[in-house]
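Colleague: I have some labels to check with you. For each one, tell me what it rests on.

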Amino acid sequence: MEAAESPLTESSRYLRKRKRKLLMGNEAIAYGALESGVVFATGYPGTPSTEVIETIARLKPEVFAEWAPNEKVALEEAAGVAYTGLRALVTMKCVGLNVAADPLMSLAYSGVEGGLVVLVADDPGPHTSQTEQDDRYYGKLSLLPVLEPADPQEAHDLIKYAYELSERYKVPVIFRTTTRVNHTTADVEVGDFVELDRKPVFKKDIERYVRASMEGNRKRHRWLNETLVKVEEEFNSMPFNWIDGKEDAKIGIIVEGAPYNYVKEVLPEINEEFRVLKLSTPHPLPRRLVLEFLKGLDYAIVVDEGAPFLEEEVKVAAYEAGLNVPVYGKRTGHLPLEGELTPNLVKNALLRLIGEEGETYEKPEEIELAESLAPKRPPVMCPGCPHRGSYRAALDALRDLKLGRYKVPIHGDIGCYALSLLPPLEAIWTEFVMGASISLANGQSVVMDKKIIATIGDSTFFHNGIPPLIDALYKNLNVLVMILDNRTTAMTGHQPHPGTGGSETGRKFREIDIEALVKALGVRYVKTVDPYNLKETGEAIEEAMKVEGPAVVIARRECVIPVIRRGEIGEKPIVVEDRCTGCKACILLTGCPALVYDPETNKVRIDELLCTGCGVCNQTCPFDAIKFPSELKRGA
């Protein structure tokens, strides 16, 4: 059952040439945005969405494609552009839309003039996210249209349609993807980049743009509801929704997004005739199309990724129309409510469906995939990661202050440093949402009557750490905030942020000095240290723990990966074998992968291929057995 050729709508007038390229889904989206004439692209880096902005910046540097401090700021800036009639793109991962939800709701009422697409990449699994949240529900909450592609080619074509839809109805469009679409690579037909002949114009319109106008809000709400009805009518016949299979088949499958590919893959293996309704428009649901599809069927199953969003919408539509066709899916136990769908799960659901039709099933047993023969390897901080030194120094300082690691909570945040939860450090107690380390510490400092530690990365600090630090200052709360400044947004691929002064396209911006910023806020104790220097870092932490009220320690050392790429690794330490007792203290205190214990010799050795010369192990050996060659030459 082959999918119909992905259609092109009005955007086809821009395609003077079609050329085929091997592209990741995110790259295909970037091509589609540039072929739509986007002049402003922004967002906050987060897997699986990150490569969209990076690709736009690489392909067309003259487009303003830059990261924002957080998703809320990104959406508001893009809205300012779209108000002027130009086209803009905002990208974020699933949880990022929670941060941008505030402006999204008001933006739905005001609408836009130029096309505005809000790309949100959901992460069923989850692979790299805190939750498996399904952002299609934001479409219902905001009353905005939601589009979802099934593969990279459709992602490219559908985002072009999204801009036309946005401008036709003057509303932002939510473009929901999932990890499999974002990171799948395929041949994609692309066209020429476009520069629209438009000049930015913004007209004063109080009723539309000022939310304090209560009567205007009611009118805009009515306008939005009426617009959504028009969008639904268009979705009933839009070319990215289609029906496959035999017209006289009595069993139906309704599917959207990446699972459509799983359905196509497994249907030839099942001895039954199905009709398939493939949708790209989860909200508003094209009810007329869905009801026409359901008529004449004995029953149907809905296959959708994430929450049972589509299943619920289909059931409501059938019920309201008085259509008595049983509809199965996640709610009936045919597909799991948690985790990412796979072809095996879809096949299992279809087999159960035709085995005992019309009955409600218990949740099926998960299909166990063959386990890999490779040993499991937990994630670990890189050799030379400066965060290792920061947490080692913090734990040692608590020990020296006789406070102990189990008496003073250390709150973590979103970033590489969350790996400090693993042995041997086991440092952080929480990892919640961006910026929450400081807020959690603030609250606990009030009720626990002790100084609480919050650790937060530099990019996360700019994202959402400044407001809770302001609150700590305003209320004189007894917290120590350790800002782990590795000079980049490391976890998502080393994107710039306001503290770096760089940009994705190479433009030079003003670097925001974290220490100067914190002092300007009014923090009395502020100290910047090198986390590779455990003594210096530990002493600063001990001093800060004795300060009444807020204190800030900035542990500044560049992420080691860019340093390695530049070839700037310096001297590496060695193990002096006649001093090494095999106690493994260096391994147990740091967990550095470059340290290897040899049971045959009862000695530790340093893997030169992994070692980056940070020297943290050198400072932890109780027998002074780890030395830099230059130290040995001096007779140390």
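Modeller: Start at N618. A polar atom of its side chain lies 2.6 Å from the backbone oxygen of I626. Keep in mind that this is a predicted model.

Colleague: What makes that pair of N618 and I626 a polar contact?

Modeller: The cut-off is 3.5 Å between N or O atoms. The distance here is 2.6 Å, so the pair falls within the limit.

Colleague: Where does N618 sit, and which residues does it touch?

Modeller: N618 is in the loop between strand 21 (603-606) and strand 22 (626-627). Leaving out residues up to four places away in sequence, N618 touches I626, K627, F628 and E631.

Colleague: Is N618 buried or exposed, and how do you know?

Modeller: Buried means under 20% relative accessible area. N618 has 15%, so it is buried.

Colleague: Now N241. Is N241 buried or exposed, and on what value?

Modeller: Its relative accessible area is 8%. That is under 20%, so N241 is buried. N241 lies in the loop between helix 9 (214-235) and strand 9 (242-245).

Colleague: Which backbone atoms does the side chain of N241 reach?

Modeller: The backbone oxygen of F235 is reached at 3.0 Å. The backbone nitrogen of S280 lies 2.6 Å from a polar atom of the N241 side chain. Both distances are within 3.5 Å, so both pairs count as polar contacts.

Colleague: What does N241 contact besides its sequence neighbours?

Modeller: Neighbours within four places aside, the contacts are F235, K278, L279, S280, T281, P286 and L289. T281 is 40 residues from N241 along the chain, yet their C-alpha atoms are separated by 7.5 Å.

Colleague: Strand 9 follows that loop. What makes strand 9 and strand 11 a pair?

Modeller: Pairing needs at least two bridges. Strand 9 and strand 11 (residues 274-279) have 4, so they pair, in the antiparallel sense. One bridge partner in strand 11 is L277, which matches I243.

Colleague: Why are strand 9 and strand 13 called edges?

Modeller: The sheet is open, with 5 strands in the order 9-11-10-12-13 and mixed pairing. Strand 9 and strand 13 (327-328) each have a single partner strand, so one side of each is left without a neighbour in the sheet.

Colleague: Take strand 4. What makes you call strand 4 mostly covered?

Modeller: Strand 4 covers residues 88-93, and 6 of its 6 residues are buried. A88, V90 and M92 point one way, L89, T91 and K93 the other, and all are buried.

Colleague: Which strands pair with strand 4, and in what sense?

Modeller: Strand 2 (residues 40-43) pairs with strand 4 in the parallel sense over 4 bridges. There F40 stands opposite A88. Strand 5 also pairs with strand 4 in the parallel sense, over 6 bridges. M92 has V120 as its bridge partner in strand 5.

Colleague: What makes the bond from G125 to P126 worth a label?

Modeller: Most peptide bonds are trans. The one from G125 to P126 is cis, with omega near -20 degrees. P126 is in the loop between strand 5 (116-122) and helix 5 (137-142). Another cis bond joins P423 and P424, with omega about 5 degrees. P424 is in the loop between strand 14 (410-411) and helix 15.

Colleague: Why is D449 flagged for its phi?

Modeller: Most residues other than glycine have a negative phi. D449 has a positive value near 55 degrees. H494, not a glycine either, has a positive phi of about 70 degrees.

Colleague: Is D449 buried or exposed?

Modeller: Exposed means over 50%. D449 is at 70%, so it counts as exposed. It lies in the loop between helix 15 and strand 15 (452-457).

Colleague: Last, the largest pocket. What is its volume, and how many residues line it?

Modeller: The volume is about 900 Å³. The lining has 43 residues, with T128, I414, G415, E431 and M491 nearest the centre.

Colleague: Which helix gives the largest share of that lining?

Modeller: Helix 16 does, with 6 residues. Helix 4 (96-110), helix 15 (436-448) and helix 16 (458-474) each supply at least two.

Colleague: How many residues of the lining are nonpolar, polar or charged?

Modeller: The lining divides into 18 nonpolar, 21 polar and 4 charged residues. Gly counts as polar, so G415 belongs to the polar group.

Definitions and conventions: Residues numbered from 1 in each chain as written. Predicted model: local features only at pLDDT ≥ 70, side-chain atom pairs only at ≥ 80, totals over all residues. Heavy atoms only, no water. Buried < 20%, exposed > 50% of the residue type's maximum accessible area, 1.4 Å probe, protein only. Polar contact = N/O pair within 3.5 Å; in protein donor to acceptor, adjacent residues only side chain to side chain. Contact = heavy atoms within 4.5 Å. 1 Å grid on protein atoms, 1.4 Å probe; cavity = no way out; pocket = protein on both sides within 12 Å on 5 of 7 lines; lining within 4 Å. Points joined across faces, edges and corners; volume = space filled by probe spheres on them.
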